[in-house]
Amino acid sequence: MSIPLPSRLAAVALILAAAFAATPALADITVDVNQAALQPLPIAIPTFSGGSVGAQISDVVSADLDRSGLFRPLDPASFHQTPDVNVTPDFNAWKAIAAQALLVGNAVTDADGRLSVDFRLWDVYAGDQLVGTRLTATPDSWRTIAHEIADAVYEKLTGEPGYFDTRVVFVAETGPRSHRVTRLEIMDQDGANPSYLTDGSTEVFGPRFSMRRQEITYMVLRPTGASIYLKNLDTGREEVLGRFPNMTMTMAPRFSPDDSKVIFAADRNGATNIYVMDLASHQYRRLTYGLSIDTSPSYSPDGSRIVFNSDRDGTPELYVMNADGSNVHRLSFGPGRYTAPVWSPDGKLIAFVNQQGQVFSIGVMDPSGGNERTLVSSYFADDPTWAPNGRVLMFERKLADGASRLWTVDVTGHILKEAPSPVAGSDPAWSPLLH
Amino acid sequence: MNLRPTARLTLAALASAALAACASHPPPPPAAVSPPPQASEAPPPPPSAAPTPQTQSGPLPGTVQDFVINVGDRIYFDFDRASIRADAAPILANQAQWLLRYPNVRVRIEGNCDERGTREYNFALGARRADAVRSFLVLHGVPAGRITTISYGKEQPIDPGHDEQAWARDRNARTAIVEGAR
């Protein structure tokens, strides 16, 4: 019963048959998100029945779970049966191929032309049904249904929310570096449904998602200066965020967690400081002072604190302050230069970029500055962005002489993968869950 | 009137009015360090039918080409620094003199960084570099109202290479003439 209702699809979560009454709050089999990278859970996902759309859906579910690194979808060639979603499986046959979990599904298009997908997740060894749900949507939303099924499996077996029904907006880079064209591009987190949001006539940087609305904020760079834009993804409406006298560069915008404000950095006479603008009144307020570079502000999820980057002590380091600018203290004390901090959606970690000589790393630390860990090192890395469940980071990674690509790494650092994306890209921003 | 071009700056075709303006300023001290090589963007050739008397062929005084070739439109910085280097100061002093000579010229200082830094930090670092140049020119008498600044961060490298030589060229500030040149 823990599956969120996908209100966007007006989907109906339906309890199938009777088995639900016995569903335990948590599965007997569980995936420990901190250990599974070493031993992902074997799961059998037979091709969903219901023709080609059924098969497409089970393929997408399988790919989502596989890419998470926590699950190991078994080779369908080893399956000895094609189970019916409404029949209790022969668990011994699934135990024989060492499947611990079994996902069975069926897709039908009803008389109204709507697509309905029934699916059940089984604990093979306990013989328990863990999830049994029907999702309904228009047929062109079949991928969304697949991601929601993957989220349901992930949540049931890990105890943490999934992150598959999400999108990523990033800066698509085409053309040679000397004449590069940058466009905002949005895609599903698995690289599907890519589409451009800007036409390449302006240079765009640093898109960031709103936590609650289908809206992004980003920076546009022109020879006259850098401006902050807001863009609604449903309506396409664009807005320039205010006019700032004597500031030619307004940069690094991010929404506050309640979406009422945008925090950003602006340069004045060579010093870059942090400001916050209220979106309703367009009143803005300065939060940091001094001649240093203060940039890349990111709110804690409760909105009470802000982590940011500053070189006030000589090299770029991470600092945290209260949302009103008070109580500034330094978080980073390790070797190298620290930049691009971003607070995790669950509030537990701060991700950042650390640069030591010619090596760039994505790392995490507690909001107190403790327990610093390097997740991945590379020739170049930048712009970490959190999946909404705080378990995975997407970031820009470049190997020597290569183009920038998007990669993901989990917070253990064990699961490192190139993210599927249509073109070379940088500056990714991960959306909240869509359902 | 016997101002001699420094060894590294090919000061050609100086009009007498320009020299008079120069006379109130001492010649720049010789650079302690050789400046990095000139930007690869070659200026267009001067117009063929040059009405102004010239001692030798070269850009017309007061043109963008004159500024780029005979003064130098770009100076370079050390890694993660925005302080004006010893080899950059004479170039900027000459820029200031040239701008005082041509009071209708307006410039945009463009700060640039190498690729070995994160994007958001580099936008701020480029702004700091552009402002360092602006401050220098203002200190040398150029009215602040004729100068704007911009940072391109690391987004517009003049050398797309991936080695220290390329990065040294990419860490620069360019004084771009936007208006008022002949």
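Begin by selecting A:Met277 and A:Tyr284 in this predicted model, because A:Met277 stands opposite A:Tyr284, which belongs to strand 16 of chain A.

**Stop 1: strands 14, 15 and 16 of chain A**

Widen the selection to strand 16, residues 284-286 of chain A, together with strand 15 of chain A, and you will see two strands that pair in the antiparallel sense over 3 bridges. The two strands form a hairpin with 5 residues between them, and within that hairpin A:His282 takes a positive phi near 60°.

Now add strand 14, residues 261-268 of chain A, which pairs with strand 15 of chain A, again in the antiparallel sense, over 8 bridges. To find your place in this pairing, select A:Ile263 and look across to A:Val276 in strand 15 of chain A, which stands opposite. Strand 14 and strand 15 of chain A also form a hairpin, here with 2 residues between the strands, and A:Asn269 in the turn has a positive phi of about 55°.

Is strand 15 of chain A largely enclosed by the rest of the structure, or is it left open? Select residues 271-278 of chain A and show what surrounds them: 7 of the 8 residues of strand 15 are buried, so the strand is largely enclosed by the rest of the structure.

**Stop 2: strands 4 and 5 of chain A**

Move next to residues 128-137 of chain A, which make up strand 5, a strand that is mostly covered, with 8 of its 10 residues buried. Its antiparallel partner here is strand 4, residues 115-123 of chain A, and the two are joined over 9 bridges. Select A:Trp122 and you will find A:Gln129 of strand 5 of chain A opposite. If you then follow the chain through the hairpin of strand 4 and strand 5 of chain A, you pass 4 residues between the strands, and A:Gly127 is the residue to pick out, since A:Gly127 takes a positive phi near 70°.

**Stop 3: an open sheet in chain A**Select strands 8, 7, 6 and 29 of chain A, which form an open sheet of 4 strands in the order 8-7-6-29, with antiparallel pairing. Strand 8 (195-196) and strand 29 (425-430) of chain A stand at the edges, where each has a single partner strand, so one side of each is left without a neighbour in the sheet. Strand 6, residues 167-174 of chain A, pairs with strand 29 of chain A in the antiparallel sense over 4 bridges, and within this pairing A:Val169 stands opposite A:Ala429 of strand 29.

**Stop 4: helices 1 and 3 of chain A**

Colour helix 1 (residues 51-68) and helix 3 (residues 142-158) of chain A, whose axes lie 8 Å apart and which pack at an angle of about 45°. That angle makes helix 1 of chain A oblique to helix 3 of chain A, and the crossing of the two is right-handed. To see the contact, show side chains on both helices: helix 1 of chain A contributes residues including A:Val53, A:Ile57 and A:Leu65, while helix 3 of chain A contributes others, among them A:Trp142, A:Ala146 and A:Val153. Sorted by class, the residues of this contact divide into 11 nonpolar, 3 polar and 2 charged.

**Stop 5: A:Asp311, and across to chain B**

Go now to A:Asp311, in the loop between strand 18 (305-310) and strand 19 (317-322) of chain A. Is A:Asp311 buried or exposed? The residue A:Asp311 is buried, with a relative accessible area of 9%. Leaving aside neighbours within four places in sequence, A:Asp311 is in contact with A:Ser292, A:Ile293 and A:Pro316, and also with B:Tyr121 and B:Arg128 of chain B. You can also pick A:Tyr338, which is 27 residues apart from A:Asp311 along the chain, with 9.3 Å separating the two C-alpha atoms.

**Stop 6: chain B**

Show chain B alone, where the secondary structure comes to 5 helices and 4 strands, and trace the elements from the N terminus, which run α-α-β-α-β-α-β-α-β. Of the 182 residues of chain B, 55% count as buried, and among contacts between residues at least 6 apart in sequence, 75% join residues at least 24 apart.

Finish with helix 2 (residues 64-71) and helix 3 (residues 89-101) of chain B, whose axes come within 10 Å and cross at roughly 155°. Helix 2 and helix 3 of chain B are therefore roughly antiparallel to each other, and helix 2 of chain B passes helix 3 of chain B in a right-handed crossing. The contact is made by B:Asp66, B:Phe67 and B:Val71 of helix 2 of chain B, with B:Ile91, B:Asn94, B:Gln95 and B:Trp98 of helix 3 of chain B. By class, this contact has 4 nonpolar, 2 polar and 1 charged residues.

Methods. Residues numbered from 1 in each chain as written. Chains lettered and ligands numbered in written order. Predicted model: local features only at pLDDT ≥ 70, side-chain atom pairs only at ≥ 80, totals over all residues. Heavy atoms only, no water. Buried < 20%, exposed > 50% of the residue type's maximum accessible area, 1.4 Å probe, protein only. Pairing = 2+ DSSP bridges. Axes fitted to C-alpha atoms, helices over the stretch in contact; angles between N-to-C directions. Parallel < 35°, antiparallel > 145°, perpendicular 65-115°, else oblique. Left-handed = near helix turned anticlockwise from the far one by under 90°. Contact = heavy atoms within 4.5 Å. Nonpolar A, V, L, I, M, F, W, Y, C, P; charged D, E, K, R; others polar.
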